[in-house]
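Please look through the structure below before reading on. The paragraphs that follow start with the chain as a whole and then turn to particular places in it.

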Amino acid sequence: MTLFFSTPNNPPPLIILADFYLSFAKRESSIMPDSASPESADAGGTASGRVLACIQCQQRKVKCDRKFPCARCVKGDISCVPGTAVGKQRKKRFAERDLLERLRRYERLMAEHNIAFEPMHSGGSEQRQLPPVRQSESLAKESPSESQAESPFATRDLWTAINTVARPEYSDDDAEDYDSEDNGLSFPAEDVRDSIFYQIWDFTTSQDLLFGLGNSSSVELATLHPNQLQRFQLWQLYLDNANPLLKVSHAPTLQTRLIQSTASLATIKPELEALLFSIYCIALTTIDEDTCMASFSTPKADMLRIYRFACQQALFNCNYMRTSDMDCLTALFLYLLSVREHADPRAMASHLGATIRIAQRMRLDNESHLSKLTPFAAEMRRRLWWAIVIFDQRIAEMTGGKNSILAPIWDCLPVHNLNDVDLHQEAKTLPASAADSNTTTEALFCVLKSKIANFTRFTISYINFATPVWKEIAKATSHGLVETMDGVVAFGDMIEEKYLSKCNPDIPLQFYTLWHTRASLGRLRIMSYFNLLWHSTPEDMPLHHRDLAFRSAVLALQADTKLLTAPSVKHFSWLSDFHFLFLAYVLIVQELRRRPTHAFTEEAWEVFLADVEARWLAKGSGTVIFLRIFSKALSKAWDAREAVARKRGITLTRPDIIIETINYYQSSSGARSSASNTPAPDGGDMDMDQMFGPGGMFDMSGADKIPPSTLFTDTLGAGMYDDTVLNQMAAEGLFDTQTW
């Protein structure tokens with residue numbers, strides 16, 4: 001494919017670059033003191049009558065020949081609108097004074113930090129005492145607070161260095177006559193990149209790379225919007241069901257914008273239109289079929305098909321692949337979140353990779369950049385970045401536990417604990433309530449999700465299962481590396497005391513925050529336990545660590561059951577379905593079989609069966625999935641329980657799910673009785689003994705011979721979608737992202 005091409009209206013890149021260098025050379029010659037150029041000779045006295053470039057050339061930051069119509073507009077076959085002539089008096093620049101002020105400031109800073117140096121003025125106490133330096137407004141804009149220590153995550157901008165070298169040397173008299181419009185270059189640094197090099201990519205298209213759309217559809221998107229009543233219904237569903245758990249939209253300001261824009265859908269901005277359609281999609285995703293029919297009298301699948309198509313078209317229209325617009329990036333995130341229940345996680349991981357790259361190009365992950373924005377803009381970017389990261393991490397778990405952006409290599413701060421009404425676009429600082437981070441606000445769910453994710457990326461249990469080389473990076477940060485299970489427990493205790501103890505279970509959002517966070521903390525402790533199995537077996541594990549992991553798994557399932565069964569948070573079930581605690585199931589089933597007489601066993605059985613009822617039996621095909629994964633191990637665990645009960649003279653009543661599990665296991669094993677002990681090629685049930693036995697998926701006996709990153713892949717990954725039972729189940733339509 002030819003990426004660069006030349007047409008009568010599209011000059012080739014080499015011409016653009018040549019134009020840049022010629023204009024740069026012209027500027028250099030025009031500002032030399034001995035220049036005899038007529039242009040420079042009479043420029044000083046005619047500043048007030050100067051003819052400006054046309055509007056199109058000004059917007060594109062390109063050189064204009066100042067004839068109307070100009071040559072560029074003629075080539076582009078566009079209307080040429082003359083710029084308004086103004087009598088602007090240029091401010092004189094005193095280059096020498098600015099340089100002296102800057103030098104003296106640097107000397108003072110070096111003296112404050114006890115750095116030895118040779119001062120420009122070597123007289124007396126100049127090195128120790130420097131007079132205060134006036135910081136000009138231009139200097140303040142160019143140099144961010146040198147008094148602060150440079151963050152290890154702060155990167156240097158190559159374009160700033162290029163423009164520093166390219167910046168001309170000129171006298172005070174020349175400065176007032178210099179016009180950047182005459183030379184095709186303007187300052188500060190960003191303009192070289194924007195005015196010259198971005199023009200190269202203006203002639204290419206990349207919209208078909210993600211959604212497969214070669215060209216924009218001829219369908220008018222204004223005709224695909226719902227009617228006014230349905231728009232407000234969908235907006236309310238978004239506010240009630242999705243936004244409390246995501247907080248990627250500032251509801252007060254966005255609602256005002258939507259009301260104003262929907263009055264004329266034909267003239268709505270493409271970025272805002274994409275955001276609107278993504279809100280329709282995610283709002284419909286949060287409700288079930290019955291609710292959709294009752295509210296809209298249309299099947300949910302039909303409405304989703306229309307709005308997903310419209311959202312794709314709207315994203316195409318706003319050039320989503322090269323966007324720097326927050327509305328467009330938010331729309332892309334919400335769209336991907338709305339389609340994940342029907343998407344292969346491997347494909348979703350690829351789409352999220354592109355989304356993350358866009359977010360990184362917008363520098364959402366860089367706190368040094370965010371600190372230069374308004375508090376409102378910075379906070380909304382933090383919220384969106386963490387929402388994308390957490391979504392990406394969940395998808396990474398489903399595809400093998402690797403390749404997640406959750407890593408100790410960026411420094412975006414966790415979300416601040418603020419209500420939307422406390423965030424104002426015009427505010428210069430965050431409200432004082434941001435410092436009181438242990439209060440319960442409407443953003444608390446997102447705050448705790450970001451804090452737990454932020455802590456996770458610095459734990460050795462996570463890093464060992466992802467990319468072990470990150471350990472050295474984590475050690476070098478201010479967070480440090482959390483290397484013990486005790487550190488994980490201490491973090492959970494802090495979250496419980498500082499935040500969860502203040503949640504009111506009678507408020508649905510706080511109820512959901514309370515139990516979802518406890519499930520996440522339990523999963524974090526389970527991961528730490530699996531990391532300890534690296535050089536050990538469950539029988540050799542210290543008893544207190546083994547008991548802690550067992551109890552953590554049970555408490556995590558208990559929290560999961562509450563989220564799945566509580567009527568007050570039914571509207572949040574779309575997120576609960578997305579988080580199946582697979583590791584907790586595996587650990588509990590194994591412990592129930594190995595330790596049937598443990599004091600905690602009876603409670604564990606009760607909690608486990610309750611969660612099976614809530615998560616699996618409530619779904620149409622859920623029982624089949626559950627049986628094929630856990631039938632053998634669960635049957636043997638129940639046999640061990642019955643054996644203990646018989647010794648004690650107790651008769652146990654088998655629950656329906658146990659009866660069905662045993663029958664399924666017996667019929668399944670009977671059908672393969674003449675086969676070898678190796679699972680049949682077509683999958684069959686998931687043999688938990690073989691999963692944990694030698695050569696099995698969860699085999700820890702030879703873990704000391706494999707790299708940590710390979711262990712997690714073998715444990716959860718290579719595995720699950722390629723040559724295991726779950727791959728076959730997915731092919732049969734029995735397995736999707738909600739059941740994982």
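Gly480 is a convenient place to begin, and leaving aside its neighbours within four places in sequence, this residue is in contact with Phe458 and Ala474. Bear in mind throughout that the model is a predicted one. Gly480 sits in the loop that runs between helix 23 (470-475) and helix 24 (485-498), and because its relative accessibility is 16%, below the 20% limit, it counts as buried. A further relation across the sequence involves Pro408, which is 72 residues away from Gly480 along the chain, while the two C-alpha atoms are 9.6 Å apart in space.

From that one residue we can step back to the chain in which it lies. The protein chain holds 34 helices and zero strands, and buried residues make up 49% of its 740 residues. Among contacts in the protein chain with a separation of 6 or more, 73% are between residues 24 or more positions apart. The surface that the protein chain exposes comes to about 35700 Å², and carbon and sulfur atoms supply 54% of that area.

Turning to the interior, the largest nonpolar core has 163 residues, of which Tyr238, Phe333, Trp385, Phe608 and Phe626 touch the most other members. Phe608 can serve as an example: not counting residues up to four places away in sequence, Phe608 touches Leu557, Tyr585, Ile588, Val589, Phe626 and Leu634. There is also a second, separate core, made of eight residues, which includes Ala53, Cys57, Cys73 and Cys80.

The numbering of that second group leads to an annotated stretch of the chain. In an unreviewed entry, UniProt places the feature "domain: Zn(2)-C6 fungal-type" at residues 53-81. In the model, the end C-alpha atoms of residues 53-81 lie 9 Å apart, and the span is 41% helix and 0% strand. Two details of backbone geometry deserve attention here, and they are best read against a general background: most residues other than glycine have a negative phi, and most peptide bonds are trans. Phe68 and Pro69 are joined by a cis peptide bond, with omega at about 0°, and Pro69 lies in the loop between helix 3 (55-60) and helix 4 (71-76). Lys61, which is placed in the loop between helix 3 and helix 4, has a positive phi of about 60° although it is not a glycine. With a relative accessibility of 35%, Lys61 counts as partly exposed.

A positive phi is also found elsewhere in the chain. Asn319, in the loop between helix 16 (300-317) and helix 17 (326-339), has a positive phi of about 55° although it is not a glycine, and at 32% relative accessibility Asn319 counts as partly exposed. Lys247, just after helix 12, likewise takes a positive phi of about 55°. Helix 12 itself, which covers residues 228-246, bends by about 40° at Leu239. The N-terminal end of helix 12 is capped by Asn227, from which a side-chain oxygen lies 3.2 Å from the backbone nitrogen of Leu229.

Two buried polar residues complete the tour, and each can be followed through the partners of its side chain. Where does Asn417 lie? Asn417 has its place in the loop between helix 20 (375-398) and helix 21 (444-456), and its relative accessible area of 3% means that Asn417 is buried. The side chain of Asn417 reaches the backbone oxygen of Thr439 at 2.5 Å, and a polar contact of 2.4 Å joins the side chain of Asn417 to that of Thr441.

Thr601, by contrast in its setting, is found in helix 29, which spans residues 601-617. Is Thr601 buried or exposed? Thr601 counts as buried because its relative accessibility is 1%. Its side chain reaches the backbone oxygen of Arg595 at 2.9 Å, and, not counting residues up to four places away in sequence, Thr601 touches Leu592, Arg595 and Pro596.

Key
Residues numbered from 1 in each chain as written. Predicted model: local features only at pLDDT ≥ 70, side-chain atom pairs only at ≥ 80, totals over all residues. Heavy atoms only, no water. Helix = DSSP H or I, 4+ residues; strand = E, 2+ residues; numbered from the N terminus. Buried < 20%, exposed > 50% of the residue type's maximum accessible area, 1.4 Å probe, protein only. Contact = heavy atoms within 4.5 Å. Core = buried A, V, L, I, M, F, W, Y, C linked by side-chain atoms within 4.5 Å. UniProt positions renumbered as here; feature names shortened; annotations may be inferred. Bend = angle between axes of the 7 residues up to and from the residue. Polar contact = N/O pair within 3.5 Å; in protein donor to acceptor, adjacent residues only side chain to side chain. Areas by Shrake-Rupley, 256 points an atom, 1.4 Å probe, with all protein chains shown as cover.
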